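Hi there,

Here is the structure I promised to pass on. Please have a look at it first, and my notes come right after.

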Amino acid sequence: MRFVCLSAFMLLILWPAGRLSAEWPEQALTLVSSIPESLPWSEEPTPQARILRALVPRLSRELGVPVALSGQAEGQGVLAANRVALARPDGYLLGALSADSAISLVIQGYTPYTWNEIAPVATAWRPVMALVGRADLQADDLQGLAALAKKGRLRLAHQGLEPVGSAALLALEAVRAAGFQLLSVQVELNDPALLLEGRADLMVLPLGWLPLHPRASELKVLAVLTADDRAPCLAGRQAPAARDLKFNEHPVFAFYLPAKVNRRTRSRLSTALGNALRQPALAAQLREGCLIPHREDLEGVEAVMNQEYRAQEAELSRLTAEAEVR
């Protein structure tokens, strides 16, 4: 009887300790996304939104707990990223953050959080971006646009240059490398209908969005802004050599945690995300959405995203310096 009582007493002591040392995760996770859930011209989901929706059940299986997707693209994704920066450092809130909310706007000081308050844990894909114009524009590539620019300034539609969005920055870099400049025209939505209405001459769009536009046949791609000749959706298109033209690629889409989350939890999430992203069905969706797979382990993620941050910071500094000279 004395032995039974002692055993029961030991169980009472050890039970809380076992609970405290249980392996993470023990409860559901929230994945907050800063990317647009639907296309600017319709309610149809963007290719990246579709992929995130498909990723959630796979990530849940990897972690063994439910994962809920929470979309919050308002404020160019700043609200979503701020949720990540302010979250408890327990690993239960994860951010799927765009280049604007995680890099471009942070550099320009348009966010209440800083780069050292969010930590990348997994890279996913690099969007293939395209410079798009009307089908009847008298140019077929960057060189043709440079010739047109000598006759009059070409207008680039963008969603604000204060701050500069990552897509607009990519276009400005590419045309500068090709030897000409663009006149910026601010618009509310990045809808190619604006090109067809004559309100702008050029626009930067994810290449995977273009076939989804109802008037896609009236548009054409002037440049695919990647140096990767193996990138998806390049059949029949010439990709400019970004290395020769010396402009940066569009930043990689990545997942982030609050910076204070411990290394073990970050590593566990990084591995789970990598495994989920390697699923064949998701790989097929990436190709269909014109997205280049880009996966790194935790150490690689930090190095890559720090490099992406520094590259954007340098380009934004150069752009600011040129504006001050003019």
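Below is what I found around one strand and its sheet.

This is a predicted model, in which local features need pLDDT of at least 70 and side-chain atom pairs count only at pLDDT 80 or more, while totals for chains, interfaces and linings use all residues. Residues are numbered from 1 along each chain as its sequence is written, and side-chain values use heavy atoms, with hydrogens and water left out.

Let's start with strand β1, residues 29-33 (strands are DSSP runs of E, at least two residues, and helices runs of H or I, at least four, numbered from the N terminus). Of its 5 residues, 4 are buried (under 20% relative accessible area, 1.4 Å probe, protein chains only), so β1 is largely enclosed by the rest of the structure.

β1 pairs in the parallel sense with β2 (residues 67-71) over 5 bridges; pairing requires that DSSP finds at least two bridges between the strands. Here L31 stands opposite L69, and V32 opposite S70. With β3 (residues 93-97), β1 forms another parallel pairing, over 4 bridges, where V32 has G95 as its bridge partner.

Now the whole sheet: it is open, has 6 strands in the order β2-β1-β3-β10-β4-β11, and its pairing is mixed. β2 and β11 (291-293) stand at the edges with a single partner strand each, so one side of each has no neighbour in the sheet.

Happy browsing, and do write back with any questions!

Best wishes

Technical notes: Buried < 20%, exposed > 50% of the residue type's maximum accessible area, 1.4 Å probe, protein only.
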